[in-house]
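Please look first at the sequence and the fold shown below, and keep both in view while reading. The report then goes through the sheets, the helices that lie against them, and one residue in detail.

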Amino acid sequence: MAVLPLLIYPDERLKQVAIPVVQFDGTLQAFIKDLEETMSAGPGGVGIAAPQVGQFQRIAIVDVSGARRPVPNNGRLLLINPKILAEEGEVKGREGCMSVPDYTGNVIRAERIRLKAQDDQGQWREYQCEGFEARAVLHEIDHLDGLLFLDRLVSRRNDLFRRKNYQSTDKPA
Ligand code: NI
């Protein structure tokens with residue numbers, strides 16, 4: 001296992017659209033372990049997407065179960081080739097990102113989502129998420145499409161905040 005180096009904004013590779021996973025094999029499983037370890041090593045690591053470590057495949061992990069403020073959650077979500085099936089409601093909330101260490105920002109996201117994704121064996125599973133977990137999932141899926149929270153700020157002038165220090169703040173990564 002290994003903690004992988006993160007791509008940091010404004011690295012242009014963060015804009016690359018990731019391709020679907022087609023091989024569900026040992027190489028994939030080893031990569032997922034490394035991705036998970038990289039997420040856990042980061043401050044406030046509640047989510048990570050493969051493109052953040054320069055692997056442009058549609059893989060993300062979200063786990064908000066350890067958030068300081070308890071929130072409804074599905075535990076550890078491994079999302080391979082995720083697809084949003086339904087979205088409901090809108091809520092503005094603060095986001096951070098391990099690839100954007102110096103800023104946080106306000107982004108509008110769906111309040112509740114339903115999605116499907118494959119697991120590490122290629123099985124499709126369906127999930128329902130709400131609130132902070134839904135926000136984290138949508139943030140990570142954006143990474144798969146080459147988008148950062150900076151691309152979705154409500155207002156660049158009023159909704160972008162410089163971090164004083166990057167601490168564990170329960171922000172999607
Ligand atoms: Ni992020």
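## Terms and basis

Helices (H or I, at least four residues) and strands (E, at least two) are DSSP runs, numbered from the N terminus. Two strands are said to pair if DSSP finds at least two bridges between them.

This is a predicted model, in which local features need pLDDT of at least 70 and side-chain atom pairs count only at pLDDT 80 or more, while totals for chains, interfaces and linings use all residues. Residues are numbered from 1 along each chain as its sequence is written, and side-chain values use heavy atoms, with hydrogens and water left out.

## The three-stranded sheet

Strands of a sheet pair through backbone hydrogen bonds, either parallel or antiparallel. One open sheet here has three strands in the order β4-β5-β8, and the pairing is antiparallel. Because β4 (91-97) and β8 (160-162) stand at the edges with a single partner strand each, one side of each is left without a neighbour in the sheet. From one strand to the next the twist averages 20°, where axes are lines fitted to C-alpha atoms, for helices over the stretch in contact, and angles run from 0 to 180 degrees between N-to-C directions.

Six bridges link β4 with strand β5 (residues 100-109) in the antiparallel sense, and Lys 92 has Ile 108 in β5 as its bridge partner. Helix α2 (residues 131-144) lies across β4 and β5, running at about 55° to β4.

## The five-stranded sheet

A sheet of five strands, also open, follows the order β1-β2-β3-β6-β7 with antiparallel pairing. Its edge strands are β1 (47-49) and β7 (124-130), each of which pairs on one side only, and its twist averages 35° from one strand to the next. Helix α1 (residues 26-41) packs on this sheet, touching β1, β2 (59-62) and β3, and its direction makes about 45° with that of β2; contact here means heavy atoms within 4.5 Å.

Strands β3 (residues 77-88) and β6 (residues 112-118) run antiparallel and are joined by six bridges; Ile 80 has Gln 118 in β6 as its bridge partner.

## Glu 95 in strand β4

Glu 95 has its place in strand β4 and is buried, with a relative accessible area of 0% (buried means under 20%, exposed over 50%, partly exposed in between, with a 1.4 Å probe and protein chains only). Its side chain makes a polar contact of 2.8 Å with that of Arg 135, and a polar contact of 2.8 Å also joins the side chains of Glu 95 and His 139. A polar contact is a pair of N or O atoms within 3.5 Å; within protein, one must be able to donate a hydrogen and the other to accept it, and residues adjacent in sequence count only if both atoms are side-chain atoms.
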